[in-house]
Amino acid sequence: MLLYVEKADTFFKRFIGLMGRKSLPPSHGLLLSPCCSIHMLFMRFPIDAVFLDRNFKITKIVRHLKPWLGFAFSFDSFSVLELNAGEAFRLHLSIGQSLMLEV
């Protein structure tokens, strides 16, 4: 399955993240790197957070983080892939799986 990933690799891009957006298009995600924790303040929609190590191996998945209330972290991770809520399940993502990302 193909997933279009936008990269947020500067302080400003990571700080803004998905704040202010109404949604992500289907099959799209945002890769925050480096990043090991996220918050859902000022978010308008729920997301799945997929934490990855430096080799894009999944270390943790947090599903359906709620807007304004959610918070997630994984100190063993190097980056976070933010997806629409339910995308991690739809894509059959699991801990230990390695993703092939072209960034």
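This is a short talk through a few places in one protein structure, one stop at a time.

Hi everyone, and thanks for having me. Before anything else, please keep in mind that what we have here is a predicted model.

Let's begin in the loop between strand E2, residues 28-32, and strand E3, residues 37-39, where serine 33 is found. Is serine 33 buried or exposed? It counts as buried, because its relative accessibility is 11% and the cut-off for buried is under 20%. If we set aside the neighbours within four places in sequence, serine 33 is in contact with Ala8, Asp9, Arg14, Phe78 and Ser79.

Now step one residue along. Proline 34 also has its place in the loop between E2 and E3. What I'd like you to look at is the link between the two: the peptide bond from serine 33 to proline 34 is cis, with omega near -5 degrees.

Keep going and you reach two cysteines, 35 and 36. How many disulfides does the structure hold? The answer is zero. And why is cysteine 35 not bonded to cysteine 36? The closest cysteine sulfur to that of cysteine 35 is the one in cysteine 36, and it is 6.4 Å away, so it is too far for a bond. For comparison, a disulfide here needs the two sulfur atoms within 2.5 Å. Seen from the other side, cysteine 36 is in no disulfide either, its nearest cysteine sulfur being that of cysteine 35. Cysteine 35 is buried, with a relative accessible area of 14%, whereas cysteine 36 counts as partly exposed at 26%.

Those two cysteines bring us to another serine. Serine 77 lies in the loop between strand E6, residues 71-73, and strand E7, residues 79-84. Which residues does serine 77 touch, not counting those up to four places away in sequence? They are Cys35, Cys36, Phe51, Leu52 and Thr59. Serine 77 is buried as well, with 11% relative accessibility. Its side chain has two polar contacts I'd like to show you. One is with the side chain of threonine 59, at 2.4 Å. The other joins the side chains of serine 77 and serine 74, at 2.8 Å.

Next, a pair of residues with backbone angles worth a look. Phenylalanine 56 sits in the loop between strand E4, residues 47-52, and strand E5, residues 58-65. Its phi is near 65 degrees, which is a positive value in a residue other than glycine. Histidine 64 is not a glycine either, and its phi is also positive, at about 55 degrees. Where is histidine 64? It has its place in strand E5.

Staying with histidine 64, leave out the neighbours within four places in sequence and you find it in contact with Ile47, Asp48, Ala85 and Gly86. Take isoleucine 47 from that list: the two are 17 residues apart along the chain, and their C-alpha atoms are separated by 5.2 Å.

Isoleucine 47 gives us a path to serine 23. These two are 24 residues apart along the chain, with 9.4 Å between their C-alpha atoms. Serine 23 lies in the loop between helix H1, residues 11-16, and E2. Serine 23 is partly exposed, with a relative accessible area of 43%.

From that loop we can move into E2 itself, where glycine 29 lies. Glycine 29 counts as buried, at 3% relative accessibility. Not counting residues up to four places away in sequence, glycine 29 touches Tyr4, Val5, Glu6, Leu24, Leu81, Glu82 and Leu83. Compare that with histidine 39: it is 10 residues from glycine 29 in sequence and 16 Å from it in space, C-alpha to C-alpha.

Histidine 39 takes us to the last stop, the second largest pocket. The volume of this pocket is about 250 Å³. It is lined by 15 residues, and those nearest its centre are Arg14, Phe15, Leu32, Ile38 and His39. Which element gives the most to the lining? That is H1, with four residues. H1 and E3 each supply at least two. By class, the lining has 10 nonpolar, three polar and two charged residues.

That's the tour. Thank you for listening, and I'm happy to go back to any of these stops.

Definitions and conventions: Residues are numbered from 1 along each chain as its sequence is written. This is a predicted model: local features need pLDDT of at least 70, side-chain atom pairs count only at pLDDT 80 or more; totals for chains, interfaces and linings use all residues. Side-chain values use heavy atoms; hydrogens and water are left out. Buried means under 20% relative accessible area, exposed over 50%, partly exposed in between (1.4 Å probe, protein chains only). Contact means heavy atoms within 4.5 Å. On a 1 Å grid over the protein atoms alone, a cavity is a set of points where a 1.4 Å probe fits but cannot get out, and a pocket is an open set with protein on both sides within 12 Å along at least five of seven lines; lining residues have an atom within 4 Å of a point. Grid points are joined across faces, edges and corners, and a volume is the space filled by probe spheres set on the points. Ala, Val, Leu, Ile, Met, Phe, Trp, Tyr, Cys and Pro count as nonpolar, Asp, Glu, Lys and Arg as charged, and the others, Gly among them, as polar. A polar contact is a pair of N or O atoms within 3.5 Å; within protein, one must be able to donate a hydrogen and the other to accept it, and residues adjacent in sequence count only if both atoms are side-chain atoms.
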